[in-house]
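Good morning, everyone. Please bring up the sequence and the model, and keep both in view while I talk.

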Amino acid sequence: MGVFDRAEKRIESAVGKVFARTFKGYVHPVEIVAGIQRELDAEAKLLSRDKRLVPNAFRIGLSQADYDRLAPYSKTLNAEILPGIRDHAADRQYVFNGPISIDYALDTSLPTGQFTVASQAVAPDTLGRQSAPGQLVLEVNGVRHPLVSPGLLIGRGTEADLRLNDPGISRRHALISVSGDPQHPVITIEDLGSTNGVHVNGSRITKTRVGEGARIEIGNTRMLIHTPSES
């Protein structure tokens with residue numbers, strides 16, 4: 001029995017045959033499992049010869065009718081969906097950067113029976129503040145950190161919001177500050193007196209404003225500020 005079949009039997013057992021029949025013509029939870037599995041395959045990034053980093057935060061876009069049917073059962077359904085996702089990842093030696101989260105969002109442009117899957121690789125300390133569509137993120141080693149107020153302390157020490165295991169990074173290396181309108185934030189990066197400095201777009205800085213496309217180098221780690229494209 002394959003991963004998909006095991007997931008289907010678990011879900012049908014959980015919701016019951018009568019409940020499952022109510023999904024005729026609508027999005028069925030098993031389809032969401034398959035959609036997330038395809039998303040993992042499409043977004044897998046090579047970490048080493050036999051391991052690949054995959055997204056761990058998923059947003060499922062649903063039509064009004066499907067959202068009304070599925071959203072009230074989201075916790076129950078996710079409890080049944082997650083084992084299928086983990087089985088699929090284990091079979092393909094995928095690695096998650098943190099706990100898996102699945103959220104459901106209303107998309108009135110979708111017809112009944114169709115859904116979309118958007119994903120991010122989100123660090124554990126930022127799962128509670130996933131980026132909204134069009135929001136800037138700081139991407140580090142394939143992981144996207146939403147740039148939301150008040151910002152991020154970057155360093156090697158335990159107090160850092162973004163903790164990086166890089167010998168070229170100080171315990172309190174840099175501070176990214178985010179303020180203003182969330183749709184048009186003011187973002188600055190400041191060197192906190194680090195040993196090796198902070199470079200933005202190739203130039204060493206003390207403090208400067210940054211935005212879309214900014215390339216940041218701290219120690220041996222490279223980062224990029226950008227707006228993820230919706231897929």
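Of the contacts in the protein chain with a separation of 6 or more, what percentage is between residues 24 or more positions apart? It is 56%. Keep in mind that this is a predicted model.

Now the overall count. The protein chain has 4 helices and 17 strands. It runs to 231 residues, and buried residues make up 45% of them.

Let's start with the helices. Find helix H2, residues 29–43. At 1.5 Å a residue, its 15 residues should span 21 Å. The end C-alpha atoms are 21 Å apart, so expectation and model agree. Which residues of H2 are buried? They are Pro29, Val30, Ile32, Val33, Ala34, Gly35, Ile36, Gln37, Glu39 and Leu40.

Asp41 also lies in H2. Its relative accessible area is 36%, which means it counts as partly exposed, since that class lies between 20% and 50%. Leave out residues up to four places away in sequence, and Asp41 touches His88, Arg92 and Tyr94. Asp41 and Ala89 are 48 residues apart along the chain, yet their C-alpha atoms are separated by 9.0 Å.

Ala89 takes us to helix H4, where it is one of the buried residues. The others buried there are Leu77, Asn78, Ile81, Leu82, Gly84, Ile85 and His88. H4 covers residues 74–91, which is 18 residues. At 1.5 Å a residue it should span 26 Å. Its end C-alpha atoms are 25 Å apart, which agrees. Where does H4 kink? The kink is at Glu80, shortly before the proline Pro83, and amounts to about 25 degrees.

Move just past the end of H4. Gln93 sits in the loop between H4 and strand S4, residues 94–96. Gln93 is not a glycine, yet its phi is positive, at about 60 degrees. Is Gln93 buried, exposed or partly exposed? It is partly exposed, because its relative accessibility is 41%. Beyond its neighbours up to four places away in sequence, Gln93 touches Asp50, Lys51 and Arg52. Gln93 and Val54 are 39 residues apart in sequence, and their C-alpha atoms are 10.0 Å apart in space.

There is a second backbone case of this kind. Asn201 has a positive phi, near 50 degrees, and is not a glycine either. Look for Asn201 in the loop between strand S13 and strand S14, residues 203–205. Its relative accessible area is 42%, so Asn201 is partly exposed.

One more backbone feature. Which two residues are joined by a cis peptide bond? Ser149 and Pro150 are, with omega about 5 degrees. Pro150 is in the loop between strand S8, residues 143–146, and strand S9.

Next, the interior. In soluble globular proteins, nonpolar side chains tend to be buried together. Here, the largest nonpolar core has 23 residues. Leu138, Leu147, Ile189 and Ile216 have the most contacts inside this core. Which strands each supply at least two of the core residues? They are S7 (137–140), S9 (151–155), S11 (174–179), S12 (186–191), S13 (198–200), S16 (215–218) and S17 (221–226). S11 gives the most, with 3 residues.

Apart from this core lies another, of 20 residues. Val54, Ile81, Ile85 and Tyr104 are among them. You have already met Ile81 and Ile85 as buried residues of H4.

Back to Leu138 in the largest core. Set aside neighbours within four places in sequence, and Leu138 is in contact with a long list. It includes Leu147, Leu152, Ile154, Leu162 and Ile176. Ile216, Met223, Leu224 and Ile225 are also on it. So are Val143, Arg144 and His145.

Last, the rings. How many aromatic pairs are there? The count comes to 0, with ring centres within 6.5 Å as the cut-off. One ring does have a charge over it, though. The charged end of Arg69 sits over the ring of Tyr26, 3.8 Å from its centre.

That's the tour. I'm happy to take questions.

How values were computed: Residues numbered from 1 in each chain as written. Predicted model: local features only at pLDDT ≥ 70, side-chain atom pairs only at ≥ 80, totals over all residues. Heavy atoms only, no water. Expected span 1.5 Å × (residues − 1). Bend = angle between axes of the 7 residues up to and from the residue. Buried < 20%, exposed > 50% of the residue type's maximum accessible area, 1.4 Å probe, protein only. Core = buried A, V, L, I, M, F, W, Y, C linked by side-chain atoms within 4.5 Å. Contact = heavy atoms within 4.5 Å. Phe/Tyr/Trp six-rings, centres within 6.5 Å; stacked < 30°, edge-to-face > 60°. Lys NZ or Arg CZ within 6 Å of the ring centre and 35° of its normal.
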